[in-house]
Amino acid sequence: MQKREEWSSKLGFILAASGSAIGLGNIWRFPYITGANGGGAFVLIYLICVFVVAFPVMIVELVIGRKAKKNPVGAFKTIAPGSKWWIIGALGVIAGFGILSYYSVVAGWTLAYIIKAVSGGLTNSSVNPAEIFNNFAKNGVLQVTYLFVFSAFTVFVVIGGIKEGIEKAAKILLPLLFILMLLLIGYVLTLPNAMNGLKFYLIPDFSKVNSHTVLMAMGQAFFSLSLGMGAMITYGSYLPSDDDLFSSAFYVTFFDTLIAILAGFIIFPALGGAPSKSGPSLVFVVLVDVFRKIPFGEIIAIVFFILMAIAALTSTVSLLEVVTSYLIDEKKIERKKAAIGAGFVIALLGIPSALSLGANKFFTKIGFLDKMDFVFGNIFLTFGGLMMCLFVAYKWGLEYFLEHLSEGCEHVGKSHFNNWLKLAIYFICPLAIAVLLLYLLITGES
Ligand code: PFF
């Protein structure tokens, strides 16, 4: 049997996994959810959710992946042979399909906006930004074209494999993303209303906080850290046996959160206050309006949308890798064929989402893209995260889990560390995630 590919170093893994985590969720979703939920208070609650609930789940996924050295389906089959737990992995692969299909649509918008920005069509046009967006959204041919173009980029990276494809892309793109972000922050902080924006972002207003806010924060933490669908199982499966998974999980969680927080430092000072609109159009409409009014706006717009495209690509790659690794391990399909085949089918599946912003009456009426996000980006991830905790707690057993985690991690065995993980995996995470899942199912909203 061929030896499973591995990341070339710990840094390589951390960058690739951070690339998966850092995505549209950080730069697009986090600011608009923060905007809609009262600013600073939401940020604080988000931080608590990330480190109390999501971080232990990240460790769980990495341990499962590295122990089994398989895709999510194979991982559960290896660790719990003869049981039905592999279904959790299968749901993860399906979630990969679902999320990638609509995520690539939004990712495609970033490409379109780079081109619009370069050609001056964003900042020098007499058409207002809302109309630019609507005209673009209504154009079915353009929507589908950008969806396929972005999917092709994703496939291209995944074909390269772990070291030469995914890791290499992350090593180039993430530092670039970080530099571009710092440049943008430096610039927007010089704008006249920057302080108003920062106040909204950083000074908590707890009157806006209710149970809905907390649950939104938790859902966002899961999505942002790519948890609940086996992306981290898959990436963990390419780790060597002696890696300290606790520190790896910590770095990934830290970088992802840092980038989300930094994205807020771009968006809110640029807006100069609380956002007037807080939905998905925040970036594609409201921010474009800002770019028009500020000096060097056209360059800032280009840089900003390049940044978004980079963030999106390192995430779409991880979504496709989940499906690809499944096809390679379980169906014995060669990487290139698996990546192209899966990428193509997923892009086809993305068409209804691409047409659901005005291009097609039916898909627009049912809000197909939002529905996909709700089902796959919310329900599947929460359910998956819950089941993974229950798997470790009640099927695999915490003892085995800790034993495997201890390879490379010297904290295992210290009583406060073991007690913390016990409390998290038996109690805090399953309970918190179950409440979120119930809330999503009952209210039908995210
Ligand atoms: N974490 C990504 C983001 O924040 O945009 C989205 C994502 C990627 C979710 C991969 C799930 C996943 F498996």
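The paragraphs below go from the overall build of the protein to its core, two of its helices, the surroundings of the ligand and a few backbone angles.

The structure is a predicted model, and the protein in it is built from 19 helices and zero strands. Its C-alpha trace spans about 65 × 50 × 40 Å along the principal axes. For 446 residues, a compact globule would have a radius of gyration near 22 Å, and the protein, at 21 Å, agrees with that. Buried residues account for 56% of the 446 residues, and of the contacts with a separation of 6 or more, 85% join residues that are 24 or more positions apart.

In soluble globular proteins, nonpolar side chains tend to be buried together. Here the largest nonpolar core has 171 residues, and those with the most contacts inside it are Ala54, Met58, Met218, Ala221 and Met308. Helix α5, which covers residues 86-118, gives the most to this core, contributing 19 residues. Met218 can serve as an example of how the packing brings together separate parts of the sequence: leaving aside residues up to four places away, Met218 touches Cys49, Val53, Ala432 and Leu436.

Helix α1 shows how an element can be enclosed by others. Its 12 residues should span 16 Å at 1.5 Å a residue, and its end C-alpha atoms are indeed 16 Å apart. This helix is mostly covered, since nine of its 12 residues are buried, and the buried ones are Phe13, Ile14, Leu15, Ala16, Ala17, Ser18, Gly19, Ser20 and Ala21. The elements that cover these buried residues include α8, α10, α11 (231-236), α12 (245-271) and α14.

Helix α7, made of residues 140-159, has 20 residues and reaches 28 Å from its first C-alpha to its last, close to the 28 Å expected at 1.5 Å a residue. Its buried residues are Gln143, Tyr146, Leu147, Phe150, Ser151, Phe153, Thr154, Val155, Val157 and Val158. The cover over the buried residues of α7 includes α5, α8 (161-188), α14 and α15 (335-354). Just after α7, Gly161 takes a positive phi of about 90 degrees.

Next come the surroundings of the ligand. Which helices each supply at least two residues of the shell around the ligand? They are α1 (10-21), α2 (24-36), α10 (211-224) and α14 (297-331). There are 15 residues around the ligand, and among these Gly23, Gly25, Ser226, Ala231 and Ser315 come nearest. By character, the shell divides into seven nonpolar and eight polar residues, with no charged residue. Helices α10 and α14, which supply residues to this shell, are also among the elements that cover the buried residues of α1.

Finally, two loop residues deserve a look for their backbone angles. Most residues other than glycine have a negative phi. Lys69, although not a glycine, has a positive phi of about 50 degrees, and it is found in the loop between α3 (40-68) and α4 (72-79). Phe296 likewise has a positive phi, of about 60 degrees, without being a glycine, and this residue is found in the loop between α13 (281-293) and α14. How far are the two residues covered, given their C-beta neighbours within 10 Å? Lys69 has 18 other C-beta atoms within 10 Å and is therefore partly exposed, whereas Phe296, with 11 such neighbours inside 10 Å, counts as exposed.

Technical notes: Residues are numbered from 1 along each chain as its sequence is written. This is a predicted model: local features need pLDDT of at least 70, side-chain atom pairs count only at pLDDT 80 or more; totals for chains, interfaces and linings use all residues. A residue is near a molecule or strand if its C-beta atom, placed from the backbone, lies within 6 Å of it. Helices (H or I, at least four residues) and strands (E, at least two) are DSSP runs, numbered from the N terminus. Ala, Val, Leu, Ile, Met, Phe, Trp, Tyr, Cys and Pro count as nonpolar, Asp, Glu, Lys and Arg as charged, and the others, Gly among them, as polar. A nonpolar core is a set of buried Ala, Val, Leu, Ile, Met, Phe, Trp, Tyr and Cys residues joined through C-beta atoms within 7 Å. A residue is buried if 20 or more other C-beta atoms lie within 10 Å of its own, exposed if 12 or fewer, and partly exposed in between; C-beta atoms are placed from the backbone. Two residues are in contact if their C-beta atoms, placed from the backbone, lie within 7 Å. The expected span of a helix is 1.5 Å times one less than its number of residues. The radius of gyration is taken over C-alpha atoms; the globule rule is 2.2 Å times the number of residues to the power 0.38.
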